[in-house]
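Me: I am new to this structure and would like to understand the reasons behind the labels that are used for it. Could you take me through them step by step?

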Amino acid sequence: MDFKDLVQHRRSIRRFTDEALTAEQVQLILRAALMSPTSKSTRAWHFYVVDDRDMLEKLSQCKSAGAEFVKGAPLAVVVCMDTEQTDVWVEDGSIAAVTMQYQAADLGLGSCWAQVRLRGQDDGTPATDLLRFLLGYPEGQQAVCIIAFGHPAIERKPQDEEKLKWENVHII
């Protein structure tokens with residue numbers, strides 16, 4: 001599949017089979033993240049790879065809504081950034097996360113982004129504080145998102161070309 005088709009066919013998948021990812025698939029996904037571009041080549045990301053079912057369940061509860069699907073994934077990667085190394089940590093972490101998602105799609109796997117930065121519990125506890133407690137990463141790191149990966153348990157149609165908002169493109 002060429003990149004044009006890959007972009008059209010990559011969709012958020014929130015339901016996965018129980019089949020584990022192979023070591024090679026995990027390595028390729030992480031390799032893609034480690035090759036993703038960063039501002040000034042800072043490479044300030046840290047990737048916390050989780051395949052333990054109990055920990056996946058806990059990660060899925062880091063915010064009040066929108067991360068439930070993480071518990072059903074065979075693998076999740078928490079994308080963190082060293083905020084002391086770069087001022088564009090949100091952008092660099094986001095680029096790495098999306099790069100992993102495209103690599104997963106190229107491997108025939110599904111993935112879905114769970115936003116954690118600026119999200120949290122109903123009581124006001126930030127999701128990032130709960131993740132820091134669970135994973136033990138240092139104060140200088142901030143989580144951007146959790147990406148769940150697995151073999152899709154559902155099939156999604158490709159993006160509909162007719163729904164592209166070309167009117168939002170401004171050529172000057």
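**Salt bridges and exposure**

Reply: In this predicted model, R132 and D129 stand three residues apart in helix α5 (residues 127-135), and are therefore separated by about one helical turn.

Me: What makes the contact between R132 and D129 a salt bridge?

Reply: The side chains of R132 and D129 meet at 3.8 Å, N to O, and because a salt bridge asks for a side-chain nitrogen of Lys or Arg within 4 Å of a carboxyl oxygen of Asp or Glu, the pair qualifies.

Me: Which residues are linked in a network of salt bridges?

Reply: The network links D129, R132 and E139, since R132 meets D129 and also has a salt bridge with E139, at 4.0 Å from N to O.

Me: Why is R132 called buried, while D129 is called partly exposed and E139 exposed?

Reply: R132 has a relative accessible area of 10%, and buried means under 20%, so R132 is buried. E139, at 62%, passes the limit of over 50% for exposed, whereas D129, at 39%, falls in between and is therefore partly exposed.

Me: How do you know that V169 can belong to a nonpolar surface patch?

Reply: V169, in the segment after β4 (141-150), has 44% relative accessibility, and because patch residues need over 30%, V169 meets that limit. The patch of about 490 Å² is made by V169 together with L164, W166 and I171.

Conventions
Residues numbered from 1 in each chain as written. Predicted model: local features only at pLDDT ≥ 70, side-chain atom pairs only at ≥ 80, totals over all residues. Heavy atoms only, no water. Patch = residues over 30% accessible without salt bridge, like charges linked within 9 Å, V, L, I, M, F, W, Y side chains within 5 Å. Areas by Shrake-Rupley, 256 points an atom, 1.4 Å probe, with all protein chains shown as cover. Helix = DSSP H or I, 4+ residues; strand = E, 2+ residues; numbered from the N terminus. Buried < 20%, exposed > 50% of the residue type's maximum accessible area, 1.4 Å probe, protein only.
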